[in-house]
Amino acid sequence: MFKVNDYVVYGSTGVCQITDIRTEEFIKGDEAEYYILQPAYNNNMTIKIPVNNPKVSMRKVIKKDDVPLLIAMMPDKETLWIDDDKLRRNNFLAALKTGKSEEWIKIYKTIYNEKKARLEIGKKLAKTDEDIMNAAEKQLYEEVAIALEITPDEVAPYILEHIS
């Protein structure tokens with residue numbers, strides 16, 4: 001169980017802070033406990049999710065000591081471009097929703113490589129792919145930023161400085 005003030009990764013929402021844990025009573029007298037989440041970089045939203053819901057994809061943010069390991073695996077992360085637009089989109093969206101930083105790296109790297117290859121022949125990347133790549137980057141940068149206690153804008157230079 002998580003505690004108030006813990007930072008967690010919540011599905012495709014990304015990094016959130018648990019601001020409260022409440023028990024609410026329903027009309028029939030049943031009670032349920034809820035996490036109240038505040039996205040780390042969006043003060044305009046609050047999320048309420050049941051504590052005991054096995055379908056909820058939520059995990060703790062990686063530890064500061066694990067960031068170098070995550071960065072070290074980036075160059076070797078396998079990529080696989082899927083030519084079918086619909087299948088690719090669904091595959092990438094499902095990977096985004098896992099809330100796993102390794103999946104975000106894989107998505108970002110795969111789409112980035114395709115974007116680079118297309119630019120070399122004078123073509124553009126589809127907007128959907130660009131949006132998914134940006135979402136994966138945002139999720140990854142927010143998690144690393146929280147772990148390292150830096151801003152998301154400082155993550156890219158940090159990664160470039162520490163990549164092997």
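**Group meeting: Asp6 and the sheet around it**

Okay, let me start with one residue: Asp6 is buried, with a relative accessible area of 11%. We call it buried because that value falls under the 20% cut-off. Before I go on, please keep in mind that this is a predicted model.

So where does Asp6 sit? You'll find Asp6 in the segment before strand E1. What does its side chain reach? The Asp6 side chain gets to the backbone nitrogen of Lys3, at 2.8 Å. Then there are the contacts further along the chain. Leaving out residues up to four places away in sequence, Asp6 touches Cys16, Gln17, Ile18 and Lys60.

Now let's follow the chain into the sheet. Strand E1 covers residues 7-10. E1 is joined to E5 by 3 bridges, and the two run antiparallel. If you want a spot to click on, take Tyr10, which stands opposite Met58 in E5.

How many strands form the sheet, and in what order? There are 5 strands, in the order E4-E3-E2-E1-E5, and the sheet is open. The pairing is antiparallel. At the edges you have strand E4, residues 47-50, and strand E5, residues 58-60, each of which pairs on one side only. As for twist, neighbouring strands of this sheet are turned by 45 degrees against each other on average, ignoring direction. A quick general reminder here: strands of a sheet pair through backbone hydrogen bonds, either parallel or antiparallel.

On to the helices. Which one lies across E1, E2 and E5? That's helix H4, residues 127-148. H4 runs at about 80 degrees to strand E2, which spans residues 14-25.

Let's zoom out to the chain. In total we have 5 helices and 5 strands. Going from the N terminus, the elements read β-β-β-β-β-α-α-α-α-α. The C-alpha atoms fill a box of roughly 65 × 35 × 25 Å, taken along the principal axes.

A few more numbers for the chain. There are 164 residues, and buried ones make up 35% of them; Asp6 is one of the buried residues. Take the contacts between residues at least 6 apart in sequence: 54% of those join residues at least 24 apart. And the surface? The chain exposes about 10200 Å², with carbon and sulfur atoms supplying 50% of that.

To go back to the start: Asp6 is buried, its side chain reaches the backbone nitrogen of Lys3, and its contacts include Lys60. That's my bit, thanks.

Note on methods:
Residues are numbered from 1 along each chain as its sequence is written. This is a predicted model: local features need pLDDT of at least 70, side-chain atom pairs count only at pLDDT 80 or more; totals for chains, interfaces and linings use all residues. Side-chain values use heavy atoms; hydrogens and water are left out. Two strands pair if DSSP finds at least two bridges between them. Helices (H or I, at least four residues) and strands (E, at least two) are DSSP runs, numbered from the N terminus. Axes are lines fitted to C-alpha atoms, for helices over the stretch in contact, and angles run from 0 to 180 degrees between N-to-C directions. Contact means heavy atoms within 4.5 Å. Buried means under 20% relative accessible area, exposed over 50%, partly exposed in between (1.4 Å probe, protein chains only). A polar contact is a pair of N or O atoms within 3.5 Å; within protein, one must be able to donate a hydrogen and the other to accept it, and residues adjacent in sequence count only if both atoms are side-chain atoms. Accessible areas come from the Shrake-Rupley method with a 1.4 Å probe; for residues, only the protein chains shown count as cover.
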